[in-house]
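Hi,

Here is the structure I promised to pass along. Have a look at it first, and then read on for my notes.

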Amino acid sequence: MKVINVYLVFDGNCGQAMEYYHQALGGEIFKMKFSDAPGGAPPGAQDRYIHIAIRNGNALLMASDTMPGMPFTQGTNYSAAIACDSNEEVDRLFQHLSAGGHVHMPPQETFWAHRFAGFTDKFGVNWMLNHEKPMPM
């Protein structure tokens, strides 16, 4: 396991929020809208962000917008994001941490990860497990 970070979720104002945080935190910022992602944007999501990351040294803050029409509750719009060293680590952590919870996305390859999973555990904590592919920052 490399690190555990916070992943924030916004309802259409991710770009504005992350620019605000970037001004305070400094460092480098990477932005990708749904319309820039492989496969294009779902209807109504063209101007929303699929991912924004601010990196300053070892500190990393990540965020995205919800899909239009998805439930959004301010105050619970975060996940603990674990950067894993391998697909096997993603699977092992998923098996343990998701037991008794609700799976949003089972472990699978994505354009940004060799293996990614998202779920809410039995205590109501949101988790993201990610064995990342190299991405430009």
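**Charged pairs**

Let me start with Lys-31, which makes a salt bridge to Glu-19, with 2.2 Å between the closest N and O atoms. This pair ties together distant parts of the chain: Lys-31 sits in strand E2 and Glu-19 in helix H1, 12 residues apart. Lys-31 counts as partly exposed, at 35% relative accessibility, and Glu-19 is partly exposed too, with a relative accessible area of 28%. Bear in mind throughout that this is a predicted model.

How many salt bridges does a search of the whole structure find? The count is five. Besides the one above, I'd point you to a couple more.

Asp-91 and Arg-115 form one of them, their closest N and O atoms being 2.7 Å apart. Again the pair links distant parts of the chain, with Asp-91 in helix H2 and Arg-115 in strand E7, 24 residues apart. Asp-91 is partly exposed at 29% relative accessibility, and Arg-115 is partly exposed with a relative accessible area of 22%.

Glu-89 also forms a salt bridge, with Arg-92, and here the closest N and O atoms are 3.9 Å apart. Both residues belong to helix H2, three residues apart, or about one turn of the helix. Glu-89 is buried: its relative accessible area is 9%, and the cut-off for buried is under 20%.

**A charge without a partner**

Side chains of opposite charge can pair when their charged atoms come close. Now look at Asp-121, in the loop between E7 and E8. Is Asp-121 buried or exposed? Asp-121 is buried, yet it has no salt bridge. The nearest side chain of opposite charge is Lys-122, and that is 8.6 Å away. A salt bridge needs the side-chain nitrogen within 4 Å of a carboxyl oxygen, so Lys-122 at 8.6 Å does not make one with Asp-121. What does Asp-121 touch, leaving aside its neighbours within four places in sequence? Its contacts are Leu-97, Gly-101 and Trp-127.

**The overall layout**

Stepping back, the protein chain has two helices and eight strands. Reading from the N terminus, the elements go β-α-β-β-β-β-α-β-β-β. The radius of gyration is 15 Å, close to the 14 Å that the globule rule gives for 137 residues, so the chain is as compact as a globular protein of that length. If you want a feel for the dimensions, the C-alpha atoms fill a box of roughly 35 × 35 × 30 Å along the principal axes.

Buried residues make up 41% of the 137 residues. Of the contacts with a separation of 6 or more, 52% are between residues 24 or more positions apart.

**The sheet**

The eight strands form an open sheet with mixed pairing, in the order E2-E3-E4-E1-E5-E8-E7-E6. Its edge strands are E2 (28–33) and E6 (102–108), each of which pairs on one side only. From one strand to the next, the twist averages 20°.

If you walk in from the E2 edge, you meet these pairings:

- E2 with E3 (residues 49–56): antiparallel, over six bridges. Met-32 has His-51 in E3 as its bridge partner.
- E3 with E4: antiparallel, joined by five bridges. The bridge partner of Ile-52 is Ala-63 in E4.
- E4 with E1: parallel, over five bridges. Val-6 stands opposite Leu-61 in E4.

E3 and E4 make a hairpin with two residues between the strands, and Gly-57 there takes a positive phi near 65°. E4 is also mostly covered, with six of its seven residues buried.

**Where the helices go**

Helix H1 (residues 14–25) packs on the sheet, where it touches E1 (3–10), E2, E3 and E4 (59–65). The direction of H1 makes about 5° with that of E3. Helix H2 (residues 87–97) lies across E5 (78–83), E6, E7 (113–120) and E8 (126–132), and it runs at about 10° to E7.

With that picture in mind, the salt bridges fall into place on the fold: Lys-31 to Glu-19 connects E2 with H1, Asp-91 to Arg-115 connects H2 with E7, and Glu-89 to Arg-92 stays inside H2.

Cheers

Terms used
Residues numbered from 1 in each chain as written. Predicted model: local features only at pLDDT ≥ 70, side-chain atom pairs only at ≥ 80, totals over all residues. Heavy atoms only, no water. Pairing = 2+ DSSP bridges. Helix = DSSP H or I, 4+ residues; strand = E, 2+ residues; numbered from the N terminus. Axes fitted to C-alpha atoms, helices over the stretch in contact; angles between N-to-C directions. Contact = heavy atoms within 4.5 Å. Buried < 20%, exposed > 50% of the residue type's maximum accessible area, 1.4 Å probe, protein only. Lys, Arg positive; Asp, Glu negative; His and termini not counted. Rg over C-alpha atoms; globule rule 2.2 N^0.38 Å.
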